[in-house]
Amino acid sequence: MKSLVILLLTSFLFTSFSAEASSEDAPLRSAFTLQFTRYIEWPNLGEQFLIDVIDDQQLYDSLKESTKDKKVGTANISVRMNNHEGFESSRYSKSQIIILAKGNTKETKTILNELKKLNALIISYGDDLASMGSIINFLMLDNHLRFEINQKAAESKKLKISSQLLKLGKPL
Amino acid sequence: MKKISTLLFITQFLSIGSYAEDKKLEEMSLEELMDVKVSVASNKETTTRNSPGIVSLITAEEIAHSGARDLIDVLNSVPGFNFASDVEGVTGLGFRGIWGLEGKILLIIDGQEMNESLYGVNAFGNHFPVNLIQRIEIIRGPGSAIYGGNAELAVIKIITKNAEDLKGASATVTYGQTDKTYARRNIELAFGKVDEKWNYSAIGLIGQGQQSDRNYTDSTGNKFSFQSNSSQDPTFLDLSANNGELHAQFIYDIYHNTERTAYGTNLSTPGNMNFNSILADVNYKIKVNSQFTITPDLSIKFNEPYRDLDSQANEIAGILFNKTVTRSKFKISSSYEFTDRVNLSTGLEGYEDSAIDHVGSFQNGKKSVQYYNAAIFSQLSAETDLVNFTAGARFEDNSAFDSSFVPRISLVKQINSFHTKFLYSKAFKNPSIENINYATNGIEPEKTSVAEIELGNQFSDKLYISSNFFKIAIDQPIVYNYAAGDSYTNFGHTGTRGFEFEGKFKDTWGLAQFNYSHYQADGNDVDAFSVPDQANSHLALPTHKASISANLNLLGENYWIDPALIFVGTRYGYDYNSDLAAMAIKKFEPVWLANLYFEKRNFITPKLNLGVGVFNILNQDLNLIQAYNGGHPPLPGQSREYVLKLNYSVNI
């Protein structure tokens, strides 16, 4: 009995800490994101439509692939990978969409708080994040990806979301 | 209307969207994307790892894949939980080696506390609509600081499918057959609609079941077959309506049992015994501002447990029984976000219990009694760079017994894939109305201390392992003593210590899960729970339990094969001994429950799902031993059962 307890304890204590589990739904979120661009009226759209991804390499890879030669209006889509370490909100001042990695961690909340002042569509993925400043928050329900929409936050950033998207999303 | 009623008679299952493999994701519409099924590796673990408690989550998918026949199947696969028996054929839950039937384990369905208010009991066995559960959240540890005097050991929260989940009508038919007779024949119906203002849903279960088809020997050596003598027939209706922040819930639960075992010496013929409950609740969440919400909640609960008015019940004193109790409760709770990392939740709660004895009188000579209870509770949660910290407490006062104050504290630290939790909680179990009624010399709340440590690691996106260690100490446990004239007494001390281990492995082929739980009696001086010459065990509850199961998706997206093996270790209990012609302690050898369930989704039509399975393949007898020395022999377990399920759903 004692030896089993010791074995269990040591198995935890001496294990190498691996990175946080990555999501298996990145291609799906990428496709959703592409769809979102079509259901939102973007103010002051220039030649480039910039999507910033923070801490989610798989999503970045999927988006990079799926947005090849795609446009939003007349703007070319550009995707950029970022790391939360040394986060500076000024880096995102030209972003149309900023996507956070999955999870409701203290880093996520700190970043969300910083991003509130920017006029970008912020997409998150975790419990309660829509009420903390993101505009679209993904949720996993019964093995299907769903999303909730914080319309008030969208309006404050002058982003007009189509009624069709609002209908499919879960209102906050 | 005709269309709806027709749909309600068609069987259903969860709507599972399928990947249109010939179509790329980026070419799909939003509606099509929402139908795509996703393989989730770590969502659940992420949630449970950050919780300030030891938590199990069970999803609708897992329940469906396993073919679970009722809540007993679901909880048998959760570490620490074991079933045992009370008197009158009632099946109840024990947790971590402690018998929890009378108000020690809280069962919540859609926010409503289901423990009846007379004894605090939940009776299990073909009772609740398991196929209409969206998810189950189990706090494997005390919840008294939040939930009060019925959450001493654990809290089981069931969330059924709501309007959003259903968005249409569904039906599930379950048929179970043993070698001798039917084991269950149930129909579960559901309807949910979302419109611009209102979301409303109705779910229901109506059915018939039999606890076992084996023979039972009573405490005097008389035998009878449980076939046709152990019915468990549920009628369950759960209505829900939401309009913005307004929420209303209504539950109607009539659970009919055939009663013949009485207190150990059987009745000459079977009789009818019911657990009847009606619950209603309305609450409204007021958002004062973006940081502050207040939720007033008004509820009423009517219970009529152990109702037995049949004439043969007069054969044995105490069986003829018809007491009702109504609990009227008002609660107001608030949540304040100081910052996005600091939250304070506070609440006030008051209720009146009003009980009536319809066939006799209470021990004080009165036909009715009233008791009043008031509580205040608060919890602060803070995320700091060092650790996530939760501290809370509840103070509760009752007109019939001493007050309770139960603080709790939890420290949760996550470092990349590794997490650890340190939890310490005080908890309590309030005396029930019948505890007060049958107290020999006054009665006071049980006072409990629980210390827990959890360690867990997400080794990869496929493998997650966690383990916890616990120590439970209960002072003044309320002990039932039938031999001493149906009485309740606060008696000395009891407790357990042990550990639980869980491992999950997920890959493209599906999910495999393993868990093991162990307890040792620790400081028990209650004779009614102890096993002679086995100081480490408590009656009825095995010191070792293990479960291994898998959801295998090997034959294609719509085919699921679910093997499961549950090991229930050696148990001890009192049984009729023919050599002695009396009840005597007995060792019950370990039991292996082997199950195999096969599920075919999109069977014939896209919305029809078929499930077939065999439960207890080895035909072993996982009997239900009385969890205290109360003179009642074990109830026989269900024998091998062949199960067929058909499910159909229609979107409206």
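A residue counts as buried when its relative accessible area is under 20% and as exposed when that area is over 50%, with partly exposed in between. Keep that cut-off in mind for the views below, which come from a predicted model.

**Figure 1. Strand S29 of chain B, tucked away among its neighbours.** Strand S29 covers residues 493-507 of chain B, and 11 of its 15 residues are buried, so the rest of the structure largely encloses it. On one hand there is strand S26 (residues 463-475) of chain B, which pairs with S29(B) in the antiparallel sense over 13 bridges. To find your place in that pairing, look for Phe470(B), whose bridge partner in S29(B) is Gly498(B). S29(B) also pairs with strand S30 (residues 510-521) of chain B, again in the antiparallel sense, over 12 bridges. Here a handy marker is Phe501(B), which stands opposite Tyr516(B) in S30(B). Follow the chain from S29(B) into S30(B) and you trace a hairpin, with 2 residues between the two strands.

**Figure 2. Chain B as a whole.** Stepping back for a moment, chain B has 8 helices and 39 strands. Its radius of gyration is 24 Å, close to the 26 Å that the globule rule gives for 652 residues, so chain B is as compact as a globular protein of that length. The C-alpha trace of chain B spans about 75 × 60 × 50 Å along its principal axes. Of its 652 residues, 58% count as buried. Take the contacts in chain B between residues at least 6 apart in sequence: 63% of them join residues at least 24 apart.

**Figure 3. The second largest cavity, with its lining in chain B.** How many cavities of 30 Å³ or more does a search of the whole structure find? There are 12. The second largest holds about 270 Å³ of space. It is lined by 28 residues, and the closest to its centre are Asn150(B), Arg327(B), Tyr351(B), Asp353(B) and Asn430(B). The elements that each give two or more residues to this lining are strands S19 (323-339), S20 (342-357), S21 (368-383) and S22 (388-398), plus helix H8 (433-437), of chain B. Sorted by class, the lining has 9 nonpolar, 10 polar and 9 charged residues.

**Figure 4. Two threonines of chain B, Thr293(B) in a strand and Thr220(B) in a loop.** Thr293(B) lies in strand S18 (residues 292-307) of chain B. With a relative accessible area of 16%, Thr293(B) is buried. Leaving out residues up to four places away in sequence, Thr293(B) touches Lys285(B), Ile286(B), Lys287(B) and Val288(B), along with Ser333(B), Ser334(B) and Ser335(B). Now for Thr220(B), found in the loop between strand S12 (215-217) and strand S13 (223-225) of chain B. Is Thr220(B) buried or partly exposed? Its relative accessibility is 44%, so Thr220(B) counts as partly exposed. Setting aside neighbours within four places in sequence, Thr220(B) is in contact with Thr265(B) and Tyr576(B). From Thr220(B) to Ser299(B) is 79 residues in sequence and 45 Å in space, C-alpha to C-alpha.

**Figure 5. The open sheet of chain A.** Chain A has 6 helices and 10 strands. In chain A, 8 strands form an open sheet with mixed pairing, in the order S3-S4-S2-S5-S6-S7-S8-S10. At the edges stand strand S3 (71-72) and strand S10 (170-171), each with a single partner strand, so one side of each has no neighbour in the sheet. S10(A) runs parallel to strand S8 (residues 144-149) of chain A, and 2 bridges join them. Look there for Glu148(A), which stands opposite Lys170(A) in S10(A). Across chain A, buried residues make up 51% of the 172 residues. Among contacts in chain A between residues at least 6 apart in sequence, 59% join residues at least 24 apart.

**Figure 6. Ala120(A), a buried loop residue.** Where is Ala120(A)? You'll find it in the loop between helix H4 (106-115) and strand S6 (121-125) of chain A. The relative accessibility of Ala120(A) is 0%, so it counts as buried. Not counting residues up to four places away in sequence, Ala120(A) touches Ser95(A), Gln96(A), Ile98(A), Ile135(A), Lys157(A) and Leu159(A). Ala120(A) and Phe138(A) are 18 residues apart in sequence, and their C-alpha atoms are 17 Å apart in space.

Notes
Residues are numbered from 1 along each chain as its sequence is written. Chains are lettered from A and ligands numbered from 1 in the order in which they are written. This is a predicted model: local features need pLDDT of at least 70, side-chain atom pairs count only at pLDDT 80 or more; totals for chains, interfaces and linings use all residues. Side-chain values use heavy atoms; hydrogens and water are left out. On a 1 Å grid over the protein atoms alone, a cavity is a set of points where a 1.4 Å probe fits but cannot get out, and a pocket is an open set with protein on both sides within 12 Å along at least five of seven lines; lining residues have an atom within 4 Å of a point. Grid points are joined across faces, edges and corners, and a volume is the space filled by probe spheres set on the points. Helices (H or I, at least four residues) and strands (E, at least two) are DSSP runs, numbered from the N terminus. Ala, Val, Leu, Ile, Met, Phe, Trp, Tyr, Cys and Pro count as nonpolar, Asp, Glu, Lys and Arg as charged, and the others, Gly among them, as polar. Buried means under 20% relative accessible area, exposed over 50%, partly exposed in between (1.4 Å probe, protein chains only). Two strands pair if DSSP finds at least two bridges between them. The radius of gyration is taken over C-alpha atoms; the globule rule is 2.2 Å times the number of residues to the power 0.38. Contact means heavy atoms within 4.5 Å.
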